[in-house]
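Reader: Please take one part of this model and go through it closely. I would like to follow the strand pairing first, and then what packs around it.

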Amino acid sequence: MFSQSELDLIKSSIKSIPNYPKPGVNFRDVTSLVEDGQAFAASVDMLARVYKDKNITKVVGAEARGFVFGAAVAHVLKAGFVLARKPNKLPRETLAKTYALEYGEDELHIHKDAIDHNDNVLLVDDLIATGGTMEAAIHLTRSLGAKVEHAAFVIALPDLGGVDKIQQLGVQAFSLVSFDGD
């Protein structure tokens with residue numbers, strides 16, 4: 001589906017930052033990818049290519065870097081774009097889901113009127129690690145009646161279990177590249 005040169009471009013544009021945000025973590029910085037016009041365009045085109053025949057009506061992007069990729073993929077697919085945000089960021093009535101973080105919890109919100117039973121939703125984020133954010137997005141989207149069977153990421157960290165977590169919820173996870181470890 002993708003050439004080796006496309007995949008190499010994506011992987012080589014992602015910088016690894018050791019010991020960020022805390023000692024022992026090797027942070028995969030996708031901002032270096034979006035700063036490279038060729039790599040950013042390729043990543044969006046590649047993600048959209050995977051879903052072009054899936055009849056996606058809405059793309060849900062998770063705050064914050066999921067907005068960057070999700071909106072661009074929605075544009076290519078000619079689908080609507082829905083923001084999944086942290087608390088107190090959306091002006092209309094929202095539905096919320098709390099999810100676990102490594103140390104504590106957070107909450108994700110979407111507008112109640114943004115998605116309905118007619119929608120076939122693609123979830124998009126820059127990276128999947130433990131899967132908490134995507135699990136919340138899946139629950140929110142399905143609770144509004146939409147079909148959600150696919151989630152797309154630029155980066156997967158499979159050793160952290162998020163891919164398995166969302167696949168157990170019946171959502172197929174796809175990523176352009178993966179990195180071992182954290």
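Author: The part chosen here is the pair of strands β7 and β8, which run parallel and are joined by 8 bridges. The model is predicted, and the description should be read as that of a predicted model. One of the pairings can be named: N120 has K147 in β8 as its bridge partner.

Strand β7 spans residues 120-128, and 8 of its 9 residues are buried, so the strand counts as mostly covered. Strand β7 is also joined to strand β3, residues 58-62, by 4 bridges, and these two strands run parallel. Within that pairing, V60 stands opposite L123 in β7.

Strand β8 covers residues 147-156 and pairs with β9 in the parallel sense over 6 bridges. Here A151 has A173 in β9 as its bridge partner.

These pairings belong to an open sheet of 5 strands, in the order β4-β3-β7-β8-β9, with parallel pairing. The edges are held by β4 (80-84) and β9 (172-178), each of which pairs on one side only. From one strand to the next, the twist averages 20°. As background, strands of a sheet pair through backbone hydrogen bonds, in either a parallel or an antiparallel way.

Two residues of β8 show what surrounds the strand. The first to consider is H150, which is found in strand β8. H150 has a relative accessible area of 8% and is therefore buried, the cut-off being under 20%. Leaving aside residues up to four places away in sequence, H150 touches Y51, K54, V121, L122, L123, V171 and Q172. Among these contacts is L123, the residue of β7 that V60 stands opposite.

A151 also lies in strand β8. Its relative accessibility is 0%, so A151 counts as buried. With residues up to four places away in sequence again left out, A151 touches Y51, L122, L123, M134, I166, V171, Q172, A173 and F174. One of these is A173, its bridge partner in β9. Another is Q172; the C-alpha atoms of A151 and Q172 are separated by 6.2 Å, although the two residues are 21 residues apart along the chain.

Next comes the helix that lies over this part of the sheet. Helix α1, residues 4-13, lies across β8 and β9 and runs at about 75° to β9. Its buried residues include L9, I10 and S13. These residues cover an arc of only 95° around the axis, which means that they are on the same side of α1. The face turned away from that buried side carries Q4 and S12, which are exposed. The buried residues of α1 are covered by elements that include β1 (15-18), α2 (31-34), α3 (37-51), β8 and β9. K11 makes a contact of another kind: its charged end sits over the ring of F179, 4.8 Å from the ring centre.

Helix α3, one of the elements covering α1, contains S43. S43 has a relative accessibility of 0% and so counts as buried. Residues up to four places away in sequence aside, S43 touches I10, L33, F69 and L176. Of these, I10 is one of the buried residues of α1.

The aromatic rings remain. Which kinds of description apply to such pairs? A pair of aromatic rings is described by the distance of the centres and the angle of the planes. Searching the whole structure gives 4 aromatic pairs. One of them joins Y20 and F27 edge-to-face, at 5.2 Å centre to centre with 80° between the planes. Y20 has a relative accessible area of 46% and is partly exposed, and F27, at 24% relative accessibility, counts as partly exposed as well. F40 and F69 form another edge-to-face pair, 5.7 Å centre to centre and with 70° between the planes. That pair links distant parts of the chain, with F40 in helix α3 and F69 in helix α4 (residues 65-77), 29 residues apart. F40 counts as partly exposed at 23% relative accessibility, whereas F69 counts as buried at 1%. F69 is also among the residues that S43 touches.

Note on methods
Residues numbered from 1 in each chain as written. Predicted model: local features only at pLDDT ≥ 70, side-chain atom pairs only at ≥ 80, totals over all residues. Heavy atoms only, no water. Pairing = 2+ DSSP bridges. Axes fitted to C-alpha atoms, helices over the stretch in contact; angles between N-to-C directions. Contact = heavy atoms within 4.5 Å. Buried < 20%, exposed > 50% of the residue type's maximum accessible area, 1.4 Å probe, protein only. Arc of directions from axis to C-beta. Phe/Tyr/Trp six-rings, centres within 6.5 Å; stacked < 30°, edge-to-face > 60°. Lys NZ or Arg CZ within 6 Å of the ring centre and 35° of its normal.
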